[in-house]
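Q: I'd like a close look at one charged side chain and at how it fits into its surroundings. Please start small and then widen the view.

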Amino acid sequence: MLSAGEISARELLQAHVERIEALNPVVNALVTLTPERALEQATTADRAHARGESLGLLHGLPVAHKDLALTAGVRTTFGSLVFADFVPDVDALVVERQRRAGAVTVGKTNTPEFGAGSHTFNEVFGPTLNPYDLGRTCGGSSGGAAVALAARMLPLCDGSDLGGSLRNPAAFCNIVGFRPSPGRVPSTTTQDAWFPLSVEGPMARTVADVAFYLRAMAGPDPRAPLSIAESSDSLAGSLEREMTGMRVAWSPDAGGLPTDPAIRRALADVPDILSDLGCDVVPTWPDLSDAPRVFQARRAWQFALRFGPLLAEYRHLMKETVVWNIEKGLSMTVDGYADACRRHTLIFALVDEFMSPDGGGFDFLACPVTQVPPFPIEIEYPQEIDGKHLETYIDWMRACSDITVTTHPAISVPAGFTTGGLPVGVQFVGRHQADRSVLELANAWEQATGWGNLSPSIPY
């Protein structure tokens, strides 16, 4: 519509602003708004269109950035009282690329403190509510982004993912969240340029929109050593693909993890739907039993690196789980971290063999995104699932974090609802750096099921 001149960027912006004004006070998804900047960018887009020019792939499209991403001249709190008034003077690369592609920045989306935990609340802005049930969590840590999309306040939002932060809130809010391969969306603001577990990526309401949005983010950068040396053009074109003969390893509990019966019931027909698409579905799973040990160790080390210097002065401003994670990293021995790195290498080799054409031959893994449905907003994190006690605040996210350790691309796609009307997502995982193939399977699933078309009814 924008390229055809059926609507101007300013009209599109105004339509979304009106929706934000009506619904954001209810759900608290957008925490810092930039209306003047957005209007200026939309005006620039319209003037360029009048000259017969395009500003880029995202010309005139309104977006919002996660409040963990640096935005030059715009308040960036990381969901922390420590940075409640912080205004950076540089953009994160993912933000810079969207701006250069012609996007209109509407503001920032809510996140838990330092992105820790898949439940979006913090002491700066408060909780973000699930639009399908305002008494439930929206997940996290890209929770504000997921809610902004589900509530139709924005068409595109970026996010990031360490242990499931693009996938978990997508599943909880009935939208699509894609964790690309490390290096697909490079970062120049990370404190460890070689850390493979944290990625940035796209969220949207359809798989095609996610693929489109990813094109504006992806592509190599010489400043990022993990960059994948492949043009974003590889993501262009139709996602339609014949799925006949694709081998899918399916597990209803991601390899034996404690899983709420409501999740199992909602996803009971996943194998049949994949089979109807032509896939060869096999009930099996790679051995990821060492994944939690690796994830906990490498996550703790990252917390110590990023936030350890803040602990002495700002401990009183940090939530208990963040302090625990930092201290876990600071107390780690060199031998302990070396063991985690060795085990990590073995996991990658094992999964690569499981999925390679010369090994197990599986094109995809499929499992739940989450082990529980969206839980009450008052609960900080689940401490047990189906009668099994969980040791830490991130154990309930293992369906995602185990996959993170593999470093393979993974997507969350709407897959149904519980009997109580809460969204449930299915997770598809592809071969090493085979991001496009994951998008193609997810697109086929989406076309066959249509679950993402069921929008929330939000009282306002």
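Is Arg100 buried or exposed, and what is its relative accessible area?

A: Happy to take you through it. This is a predicted model, in which local features need pLDDT of at least 70 and side-chain atom pairs count only at pLDDT 80 or more, while totals for chains, interfaces and linings use all residues. Residues are numbered from 1 along each chain as its sequence is written, and side-chain values use heavy atoms, with hydrogens and water left out.

Arg100 is exposed, with a relative accessible area of 59%. Here, exposed means over 50% relative accessible area, buried means under 20%, and partly exposed is in between (1.4 Å probe, protein chains only). The side chain of Arg100 meets that of Glu96 in a salt bridge, at 3.2 Å from N to O. Glu96 counts as buried, at 14% relative accessibility. The two are four residues apart in helix H3 (residues 93–100), so about one helical turn separates them. Helices (H or I, at least four residues) and strands (E, at least two) are DSSP runs, numbered from the N terminus.

A salt bridge means a side-chain nitrogen of Lys or Arg within 4 Å of a carboxyl oxygen of Asp or Glu. By this rule the count is 21 salt bridges. Another of them brings together Asp435 and Arg184, at 3.1 Å from N to O. This pair links distant parts of the chain, since Asp435 is in helix H13 and Arg184 is in the loop between E7 and E8, 251 residues apart. Both Asp435 and Arg184 are buried.

Arg343 and Asp290 also meet through their side chains, at 2.8 Å from N to O. Arg343 belongs to helix H11 (residues 334–355) and Asp290 to the loop between E10 and H9, so the salt bridge ties together parts 53 residues apart in sequence. Arg343 counts as partly exposed at 22% relative accessibility, and Asp290 counts as partly exposed at 25%. Shared partners join Asp290, Arg293, Asp339 and Arg343 into one network of salt bridges.

Asp192 makes a useful contrast: it is buried yet has no salt bridge, and the nearest side chain of opposite charge, Arg298, is 5.7 Å away. For charge, Lys and Arg count as positive and Asp and Glu as negative, while His and the chain ends are not counted. Asp192 is in the loop between strand E7 (176–179) and strand E8 (199–204). Not counting residues up to four places away in sequence, Asp192 touches Trp301, Gln302 and Leu305, where contact means heavy atoms within 4.5 Å.

Now for the sheet. Eleven strands form an open sheet with mixed pairing, in the order E1-E3-E2-E6-E8-E7-E14-E15-E11-E9-E10. Its edge strands, E1 (30–33) and E10 (280–283), each pair on one side only. Two strands pair if DSSP finds at least two bridges between them. E7 and E14 pair in the antiparallel sense over three bridges, with Arg179 opposite Ala410 in E14. E14 and E15 are antiparallel over seven bridges, and Ser412 stands opposite Gln427 in E15. Their hairpin has five residues between the strands, and Gly421 there takes a positive phi near 85°. Seven of the eight residues of E14 are buried, so E14 is largely enclosed by the rest of the structure.

Strand E11 (residues 364–368) pairs with strand E15 (residues 423–430) in the antiparallel sense over five bridges. Helix H12 (residues 398–406) packs on the sheet, touching strand E6 (156–161), E7, E11, strand E14 (410–417) and E15, and its direction makes about 15° with that of E15. Helix H13 (residues 435–449), the helix of Asp435, packs on the sheet too, touching E7, E11, E14 and E15, with its direction at about 10° to that of E14. For these angles, axes are lines fitted to C-alpha atoms, for helices over the stretch in contact, and angles run from 0 to 180 degrees between N-to-C directions.

Last comes the nonpolar interior. A nonpolar core is a set of buried Ala, Val, Leu, Ile, Met, Phe, Trp, Tyr and Cys residues joined through side-chain atoms within 4.5 Å. The largest one has 129 residues, of which Leu274, Ile411, Val426, Phe428, Leu439 and Trp445 touch the most other members. Leaving aside neighbours within four places in sequence, Leu439 has contacts that include Phe178, Val207, Leu235 and Ile411.
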